[in-house]
Amino acid sequence: MFSLFRSHLNPTQEPVFYAMKVSPIGGKYRLFLEFSAEYKKENSNRGLDGYTYSFNDRTYKDVESLWKDPAEDIAPNVQIVTDVYGEKVLKTYTQIPTFDSCDREWDSKELEFLMFDGKNIHLVVMRGGYRIATLTFYEKLLSADKQLKPVFEKLGWPLSCIQWK
């Protein structure tokens, strides 16, 4: 489980800033998020396909659990999808140029999944290709760019616990 095997990237527990790779509002806007913690998991020998983790007593399997039903496209490379618990998830896709079969297997895309676990909003970032190379977890959203507020409203997520900047 995630809680047993996470690699802590922020031992001081200072807030962690993250810039989304793809703008959910379209265009080339850099939208920033602030989280309470960041953890990274990687296994270069066999990948992380099938890796399980949990948030708020909900268990997820790699990114498969976060991407069950495509719901709608809201911007280029941005979709609202549904997770296995019926919650809406904001999914973004970034294509990474590849040069050989190893790149296509391990480093051809990055997916960002901004998700709500019934209590808090988190971000799961998957880097890989045919196989998952790394999973980075950003726990508990503290603040977000105010331009994201209409997107969060569309997702039906609680807005009062977020500081809008």
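This is a short tour of the protein in your viewer, one selection at a time. Keep in mind that the model is predicted.

**Stop 1: the whole chain.** Start with the cartoon view and look for 3 helices and 12 strands. Turn the C-alpha trace around: along its principal axes it spans about 45 × 35 × 30 Å. The radius of gyration is 15 Å, which agrees with the value near 15 Å that a compact globule of 165 residues would have.

**Stop 2: the surface.** Switch on the surface, where about 8,500 Å² is exposed and carbon and sulfur atoms supply 47% of that area. Now colour by charge to find 22 positive and 23 negative side chains. The centres of these two sets lie 2 Å apart.

**Stop 3: going inside.** Hide the surface again. Of the 165 residues, 48% are buried. Which residues have the most contacts inside the largest nonpolar core? Select Leu90, Leu114 and Phe152 to see them; the core they belong to has 25 residues. Several elements each supply at least two residues of this core, including β3 (32-42), β9 (109-116), β11 (132-144) and α3 (149-155).

**Stop 4: one residue up close.** Zoom in on phenylalanine 152. Leaving aside neighbours within four places in sequence, phenylalanine 152 is in contact with Leu114, Ile121, Leu141, Trp157, Leu159, Ile162 and Trp164.

**Stop 5: another core.** Finally, select Tyr60, Leu66, Ile132 and Leu135. These four are among the 19 residues of a second, separate core.

**Last look.** Go back to the full view with contacts in mind: among those with a separation of 6 or more, 51% are between residues 24 or more positions apart.

Conventions:
Residues are numbered from 1 along each chain as its sequence is written. This is a predicted model: local features need pLDDT of at least 70, side-chain atom pairs count only at pLDDT 80 or more; totals for chains, interfaces and linings use all residues. Side-chain values use heavy atoms; hydrogens and water are left out. Helices (H or I, at least four residues) and strands (E, at least two) are DSSP runs, numbered from the N terminus. The radius of gyration is taken over C-alpha atoms; the globule rule is 2.2 Å times the number of residues to the power 0.38. Buried means under 20% relative accessible area, exposed over 50%, partly exposed in between (1.4 Å probe, protein chains only). Contact means heavy atoms within 4.5 Å. Accessible areas come from the Shrake-Rupley method with a 1.4 Å probe; for residues, only the protein chains shown count as cover. Lys and Arg count as positive and Asp and Glu as negative; His and the chain ends are not counted. The place of a charge is taken as NZ of Lys, CZ of Arg, CG of Asp or CD of Glu. A nonpolar core is a set of buried Ala, Val, Leu, Ile, Met, Phe, Trp, Tyr and Cys residues joined through side-chain atoms within 4.5 Å.
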